[in-house]
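Here is a small protein to look over at your own pace. Have a look around first, then zoom in on one part with me.

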Amino acid sequence: MTTDQKKLARLMALNNPNNEPVGHFTGRCERCGSTDLWDDASAYGCNCCNTMYPTGHLDPKVICNSCHTQFELDQDHTCSERP
Ligand SMILES: [Zn+2]
Ligand SMILES: [Zn+2]
């Protein structure tokens with residue numbers, strides 16, 4: 001398990017203790033179970049783990065908090081903006 005996966009597993013336990021359904025149309029983030037979601041015309045996303053789920057095609061991206069770069073879920077992001 002990567003650090004990221006451990007972090008998400010911990011968030012999932014915290015955000016979704018009753019193991020409710022997650023993902024599209026459930027109102028919960030697929031990765032961390034949070035209900036703290038935003039949405040606009042072309043995408044929705046999670047304010048908790050910063051994953052963005054574009055609507056229309058299933059290709060979720062993660063947005064870096066610091067540099068706002070979008071990257072793939074399985075991609076490692078080494079942030080140059082991080083102190
Ligand atoms: Zn999330
Ligand atoms: Zn970054």
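What follows is one request and one long answer.

Q: Please give me a close look at the hairpin that β2 and β3 form. I'd like to know what sits around the hairpin, too.

A: Sure, but first a word on what you're looking at. This is a predicted model, where local features need pLDDT of at least 70, side-chain atom pairs count only at pLDDT 80 or more, and totals for chains, interfaces and linings use all residues. Residues are numbered from 1 along each chain as its sequence is written, while chains are lettered from A and ligands numbered from 1 in the order in which they are written.

The average pLDDT (the predictor's confidence in each residue, from 0 to 100) is 89, and 95% of the residues score at least 70. Confidence peaks in α1, at a mean of 94, and bottoms out in strand β4 (residues 61-63), at 87.

Now the overall layout. There is one helix, plus five strands, if you count DSSP runs from the N terminus (H or I of at least four residues for helices, E of at least two for strands). Along the sequence they go α-β-β-β-β-β. The radius of gyration is 13 Å, close to the 12 Å from the globule rule for 83 residues, so the protein is as compact as a globular protein of that length. (That radius is taken over C-alpha atoms, and the rule is 2.2 Å times the number of residues to the power 0.38.)

On to the hairpin itself. β2 covers residues 43-46 and β3 covers 51-54, with four residues between the two strands. They pair antiparallel over three bridges; to pair, two strands need at least two DSSP bridges. In one of the matches, G45 has M52 in β3 as its bridge partner.

The turn has a nice quirk. N50, in the loop between β2 and β3, has a positive phi near 65° without being a glycine. Most residues other than glycine have a negative phi. N50 counts as partly exposed because 17 C-beta neighbours lie inside 10 Å. The cut-offs are 20 or more other C-beta atoms within 10 Å for buried, 12 or fewer for exposed, and partly exposed in between, with C-beta atoms placed from the backbone. N19 does a similar trick with a positive phi of about 55°, this time in the loop between α1 (3-15) and β1 (37-39). N19 is exposed because it has 9 other C-beta atoms within 10 Å.

Next, look at the two sides of β3. T51 and Y53 make up the covered face, whereas M52 and P54 are on the uncovered one. In a regular strand the side chains alternate between the two faces of the sheet. β3 has another partner as well: two bridges join it to β4, again antiparallel. Here M52 stands opposite K61. So M52 turns up on both sides of the story, facing G45 and K61.

Finally, what about the inside? Buried residues make up 19% of the 83 residues. The largest nonpolar core consists of L8, M12, C29, C32, C46 and C49. Such a core is a set of buried Ala, Val, Leu, Ile, Met, Phe, Trp, Tyr and Cys residues joined through C-beta atoms within 7 Å. Beyond its neighbours within four places in sequence, M12 is in contact (C-beta atoms, placed from the backbone, within 7 Å) with C32 and G33.

Definitions and conventions
Contact = placed C-beta atoms within 7 Å.
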